Amino acid sequence: MGPSPALLLALESPYSKPSISLSPSGEIAPGTDVSISCHGPRQGMRFKMYRAGVARWHTEPAGLTAEFHIPNVRREDGGTYTCSYESLGEPPVSSPRSDPVELVVAVHFSKPSISLSPSGEIAPGTDVSISCHGPRQGMRFKMYRAGVARWHTEPAGLTAEFHIPNVRREDGGTYTCSYESLGEPPVSSPRSDPVQLVVAGAPPRQDYTPFAIVRLSLAVGVLLALVLILAEAAYSWKRSDP
């Protein structure tokens, strides 16, 4: 078996191979905008980008580095990428391909964490913040109360803050949160562990109507009359006892 075409090109090309890099790197959330940079040692070259060995894009000369953009990345964009550069003459002279980089698009997200500030039993009228913290940038956060989505916020770093001003007793309950990618369809994380918002308060005040007050007065009067009758009977029985 003879040498591979890539090896022959590396042996025959007068150019050194370029370098390649991903931004962001690591496991990438669906919906993220990704840039793949190819850097060569020569000006005035045409760059080519390959996915799984097949040329996907090329760019005309723009200095020593070419940027290839994948907006709103999807899982099917994942895979192995390499790049090369070539002269503009005919026939073009190409460099060897770069070392490969792997674009890994996440399928599953880890669940976020959630916290209350202030925590513990909270007085009515207090301003409360519920924080949802995830491991990824560029995500939409959602907050749920009793399992129903109440609010969402657009990306603002790794943490989203949900505010409840002047909290009332009816705001109490169980809260969870999640985050999701911005692409269509969005990919969602599992929901966080729950936190309990406990709003302090006295038992509901009893409002008595005038009719209820009259009934209560009659009941008290009847009770007093019974007590007097029983007391009189006991006194009479004691006097008649030899």
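These notebook entries record what I looked up in a predicted model of one protein chain.

**Entry 1. Overall composition**

I began with the secondary structure and noted 2 helices and 16 strands in the chain. Of the 242 residues, 33% are buried. I then took the contacts with a separation of 6 or more and found that residues 24 or more positions apart account for 62% of them. The exposed surface of the chain comes to about 15000 Å², and carbon and sulfur atoms supply 58% of that area.

**Entry 2. Strand E3 and its partners**

I turned next to strand E3 (34–39). Of its 6 residues, 5 are buried, and I recorded the strand as mostly covered. E3 pairs with strand E1 (residues 19–23) in the antiparallel sense over 5 bridges. Within that pairing I located Ser 19, whose bridge partner in E3 is His 39. E3 also pairs with strand E6 (residues 65–70), again antiparallel, over 6 bridges. Here Val 34 stands opposite Ile 70 of E6.

**Entry 3. Gln 43**

Where does Gln 43 lie? I found Gln 43 in the loop between strand E3 and strand E4 (46–51). I then asked whether Gln 43 is buried or exposed. Its relative accessibility is 55%, and the cut-off for exposed is over 50%, so Gln 43 counts as exposed. Leaving out residues up to four places away in sequence, Gln 43 touches Gly 63 and Leu 64. The C-alpha atoms of Gln 43 and Gly 63 are separated by 5.3 Å, although the two residues are 20 apart along the chain.

**Entry 4. The sheet E9-E11-E14**

I traced an open sheet of 3 strands in the order E9-E11-E14, with antiparallel pairing. Its edge strands are E9 (113–117) and E14 (159–164), each of which pairs on one side only. From one strand to the next the twist averages 20°. Strand E11 (residues 128–133) and E14 are joined by 6 bridges. One bridge partnership in this sheet is that of Ile 130 with Phe 162 in E14.

**Entry 5. Nonpolar cores**

The largest nonpolar core holds 23 residues, and those with the most contacts inside it are Val 128, Ile 130, Met 143, Tyr 175 and Leu 197. Two or more residues come from each of E9, E11, strand E12 (140–145), E14, strand E15 (173–180) and strand E16 (195–199). Apart from this core I noted another, of 20 residues, including Leu 22, Ile 28, Ala 66 and Ile 70. I also looked up the surroundings of Met 143: setting aside neighbours within four places in sequence, its contacts include Ile 114, Ile 130, Cys 132, Phe 162, Tyr 175 and Cys 177.

**Entry 6. Disulfides**

How many disulfides does the structure hold? I found 2. In Cys 38 and Cys 83 the sulfur atoms are 2.0 Å apart. The torsion about their S-S bond is about 85°, so this disulfide is right-handed. Cys 38 lies in E3 and Cys 83 in strand E7 (residues 79–86), so the pair ties together parts 45 residues apart in sequence. Cys 38 and Cys 83 are both buried.

The other disulfide joins Cys 132 and Cys 177, with a sulfur separation of 2.0 Å. This link is right-handed, with 85° about the S-S bond. Cys 132 is in strand E11 and Cys 177 in strand E15, 45 residues apart. Cys 132 and Cys 177 are likewise buried. With the bonded cysteines numbered in sequence order, I recorded the pairing as 1-2, 3-4.

Technical notes. Residues are numbered from 1 along each chain as its sequence is written. This is a predicted model: local features need pLDDT of at least 70, side-chain atom pairs count only at pLDDT 80 or more; totals for chains, interfaces and linings use all residues. Side-chain values use heavy atoms; hydrogens and water are left out. Helices (H or I, at least four residues) and strands (E, at least two) are DSSP runs, numbered from the N terminus. Buried means under 20% relative accessible area, exposed over 50%, partly exposed in between (1.4 Å probe, protein chains only). Contact means heavy atoms within 4.5 Å. Two strands pair if DSSP finds at least two bridges between them. Axes are lines fitted to C-alpha atoms, for helices over the stretch in contact, and angles run from 0 to 180 degrees between N-to-C directions. Accessible areas come from the Shrake-Rupley method with a 1.4 Å probe; for residues, only the protein chains shown count as cover. A nonpolar core is a set of buried Ala, Val, Leu, Ile, Met, Phe, Trp, Tyr and Cys residues joined through side-chain atoms within 4.5 Å. A disulfide is a pair of cysteine sulfur atoms within 2.5 Å.
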